[in-house]
Amino acid sequence: MNNDVWTLGRVMKWTTGFFERKGSASARLDAELLIAHALNMSRMQLYTEHHKPLSGDELSATRALVARRGDGEPVAYIIGRKAFWTIELTVDKRVLIPRPETEHLVEHGLERMRGLANPKVLDLCCGSGCIALAVAATRRDAQVLATDLSDDALALAQTNRDELGLNNVTIQKSDAFTAIDGTFDVILSNPPYISHPQLETLMPSVKHYEPMMALDGGTDGLTFYRLISTKARQNLNEGGMILVEIGFDQGHSVSELFKAEGYRDIRIYKDYAGHDRVIEAKCPQ
């Protein structure tokens with residue numbers, strides 16, 4: 001950007017092009033979110049006020065955020081917010097950024113709760129709390145326990161719970177199932193599932209910014225699924241269901257783990273891209 005007059009429309013066009021040259025697959029959306037945040041405007045105002053010239057301070061604020069994105073920092077971390085399901089969450093480098101694909105886990109989990117009064121739900125490896133809070137916001141009668149091993153993640157999940165006013169969610173530290181008492185109608189989990197070879201191939205914006213603890217699924221990516229498939233039954237009610245998010249190529253392997261432990265009615269659900277995304281299994285008899 002030079003010292004000529006820069007209108008909103010001109011800044012939007014330049015920033016979108018800059019992000020395209022940087023290889024962003026969502027260049028226009030990135031530009032909209034960052035510019036709106038820098039200027040404390042709505043995304044709609046970027047277009048209804050596109051002739052508005054920006055002051056020097058406004059340009060400086062915008063440049064600072066654009067530079068951070070240009071260096072690879074995820075937009076959600078820069079603006080500190082991320083929309084998920086019907087809620088908006090505070091996010092930062094302490095937690096994995098909630099992905100749209102994870103909404104499939106929420107969707108199918110809620111389907112399993114249909115017809116259940118006051119369902120008891122566990123969100124294992126809760127991170128930002130996105131799954132637990134999405135469920136709790138949709139089913140106000142549910143009693144939801146959200147657990148994680150990371151103190152940083154738990155602190156942010158509690159912040160999100162309090163900001164959303166969802167007092168039907170309890171936040172608790174637990175290494176997998178070790179500190180969890182009681183049984184649940186539905187267990188949901190988006191555990192770390194990236195294998196060690198795949199960790200090396202992650203996009204820089206993921207590899208260098210998001211917490212490795214939330215990504216590292218062990219040598220073959222299945223470490224946590226082995227643990228979940230062998231331990232979950234002790235915390236499932238009779239007839240209870242467990243649903244886990246999986247990597248696009250893990251459908252068969254994870255299904256076999258649950259099958260070997262006697263789980264029934266195992267189903268694989270695909271995401272909108274046609275990739276295996278969620279596995280559902282019914283508690284062994």
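**Reading a sheet and its helices**

Modeller: Let's start at one spot: Asp 148 stands opposite Lys 173 in S5. Keep in mind that this is a predicted model.

Colleague: Okay, so in which sense do S4 and S5 pair, and over how many bridges?

Modeller: The general idea is that strands of a sheet pair through backbone hydrogen bonds, either parallel or antiparallel. Here S4 and S5 pair in the parallel sense, with five bridges between them. S4, residues 143-148, also pairs with S3, residues 120-124, again in the parallel sense over five bridges. If you want one pair to look at there, Leu 124 has Thr 147 in S4 as its bridge partner.

Colleague: What order do the strands of the sheet come in?

Modeller: Read across it and you get S5-S4-S3-S6-S7-S9-S8, seven strands in an open sheet with mixed pairing. Strand S5 (169-173) and strand S8 (264-270) are at the edges with a single partner strand each, so one side of each has no neighbour in the sheet. On average, neighbouring strands are turned by 15° against each other, if you ignore direction.

Colleague: Which helices pack on the sheet, and which strands do they touch?

Modeller: Helix H6 (residues 103-113) is one of them, and it touches S3, S6, S7, S8 and S9. The direction of H6 makes about 165° with that of S7. Helix H11, residues 223-231, packs on the sheet too, touching S3, S6 and S7, and its direction makes about 170° with that of S7.

Colleague: How do I read burial in the strands, say for S3: how many of its residues are buried?

Modeller: Count a residue as buried if its relative accessible area is under 20%. In S3, four of the five residues pass that test, so the strand is largely enclosed by the rest of the structure. S4 is largely enclosed as well, because five of its six residues are buried.

Colleague: And in helix H7, which residues are buried?

Modeller: Cys 130, Ile 131, Ala 132, Leu 133, Ala 134, Val 135 and Ala 136. That's seven of the nine residues in H7 (residues 130-138), so this helix is largely enclosed by the rest of the structure.

Colleague: Now two helices side by side: at what angle do H1 and H4 cross?

Modeller: You look at the angle between the helix axes, and under 35 degrees counts as roughly parallel. The axes of H1 (residues 8-21) and H4 (residues 56-70) cross at roughly 15° and come within 11 Å, so these helices are roughly parallel to each other. The crossing is right-handed. Val 11, Trp 14, Thr 15, Phe 18 and Phe 19 in H1 meet Leu 59, Thr 62, Val 66, Arg 69 and Gly 70 in H4. By class, that contact has six nonpolar, three polar and one charged residues.

Colleague: What about H1 and H2: how do their axes cross?

Modeller: They come within 8 Å and cross at roughly 135°, with H2 covering residues 27-39. That makes H1 oblique to H2. H1 passes H2 in a right-handed crossing. On the H1 side, the contact residues include Leu 8, Met 12 and Glu 20, and on the H2 side they include Ala 27, Asp 30 and Leu 39. This contact divides into nine nonpolar, two polar and four charged residues.

How values were computed. Residues numbered from 1 in each chain as written. Predicted model: local features only at pLDDT ≥ 70, side-chain atom pairs only at ≥ 80, totals over all residues. Heavy atoms only, no water. Axes fitted to C-alpha atoms, helices over the stretch in contact; angles between N-to-C directions. Parallel < 35°, antiparallel > 145°, perpendicular 65-115°, else oblique. Left-handed = near helix turned anticlockwise from the far one by under 90°. Contact = heavy atoms within 4.5 Å. Nonpolar A, V, L, I, M, F, W, Y, C, P; charged D, E, K, R; others polar. Buried < 20%, exposed > 50% of the residue type's maximum accessible area, 1.4 Å probe, protein only. Pairing = 2+ DSSP bridges.
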